[in-house]
Amino acid sequence: MYAKIEAERLLFIRLNQKKLCVDEYIHLKEDAIKNDSDPANRGKLVILPSTFTGCPRNMHEYAQYAVTYVCHEGKPSLFTTYTFNPNCKEMA
C-alpha cells in the first residue's frame with residue numbers, strides 16, 4: 001500500500017509540474033543538464049519539490065535547519081543514540 005501511495009504522489013508531481021511552479025527552479029535544470037553528459041539518457045525532466053520526503057533537496061533542507069538551530073542555540077552538550085538489536089539476548 002505504501003508503494004501505491006508513493007507512486008500516486010510521484011505521478012501527481014510529474015503531471016503537475018506547471019502548477020508546482022518548477023519553471024522557477026532554473027538552477028536545478030541547468031545542473032541536471034550539465035551533470036548528465038550522455039544525451040541518450042535525457043528524458044523528461046521532473047523536479048521533485050523539497051517537501052517530497054527523502055529527496056536530496058529535502059535532506060539539504062533538514063541539514064540547514066540543524067545548522068540554524070546550532071547557530072541560535074549553541075552547540076549541543078549531549079548527543080545520545082540508541083541502537084536496538086532484536087537478536088540480542090539481553091533484550092529477551
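Q: What pattern does the chain follow, read along the sequence?
A: Read from start to end, the chain follows the pattern α-α-α, and this is a predicted model, so to speak of its features is to speak of computed values.

Q: And how many helices and strands is that?
A: The chain has three helices and zero strands.

Q: How much of the chain counts as buried?
A: Of its 92 residues, 12% count as buried, while the accessible surface of the chain comes to about 8400 Å², with 60% of that area belonging to carbon and sulfur atoms.

Q: What about contacts between residues well separated in sequence, what share join residues at least 24 apart?
A: If one takes the contacts between residues at least 6 apart in sequence, 45% of them join residues at least 24 apart.

Q: Switching to side chains, how many aromatic pairs turn up?
A: A search of the whole structure finds one aromatic pair, formed by Y62 and Y65, whose ring centres are 6.3 Å apart and whose planes make an angle of 65 degrees.

Q: Is that stacked or edge-to-face?
A: The pair of Y62 and Y65 is edge-to-face, because an angle over 60 degrees between the planes counts as such.

Q: Where do the two tyrosines sit in helix α3, and how far apart along it?
A: Helix α3 covers residues 56–73, and because Y62 and Y65 are three residues apart in that helix, they are separated by about one helical turn.

Q: Which residues form the nonpolar patch on the surface?
A: The patch is formed by M59, Y62 and Y65, which together have about 360 Å² of accessible area, so the two tyrosines of the aromatic pair are also members of this surface patch.

How values were computed: Residues numbered from 1 in each chain as written. Predicted model: local features only at pLDDT ≥ 70, side-chain atom pairs only at ≥ 80, totals over all residues. Heavy atoms only, no water. Phe/Tyr/Trp six-rings, centres within 6.5 Å; stacked < 30°, edge-to-face > 60°. Helix = DSSP H or I, 4+ residues; strand = E, 2+ residues; numbered from the N terminus. Buried < 20%, exposed > 50% of the residue type's maximum accessible area, 1.4 Å probe, protein only. Contact = heavy atoms within 4.5 Å. Areas by Shrake-Rupley, 256 points an atom, 1.4 Å probe, with all protein chains shown as cover. Patch = residues over 30% accessible without salt bridge, like charges linked within 9 Å, V, L, I, M, F, W, Y side chains within 5 Å. Salt bridge = Lys/Arg side-chain N within 4 Å of Asp/Glu carboxyl O.
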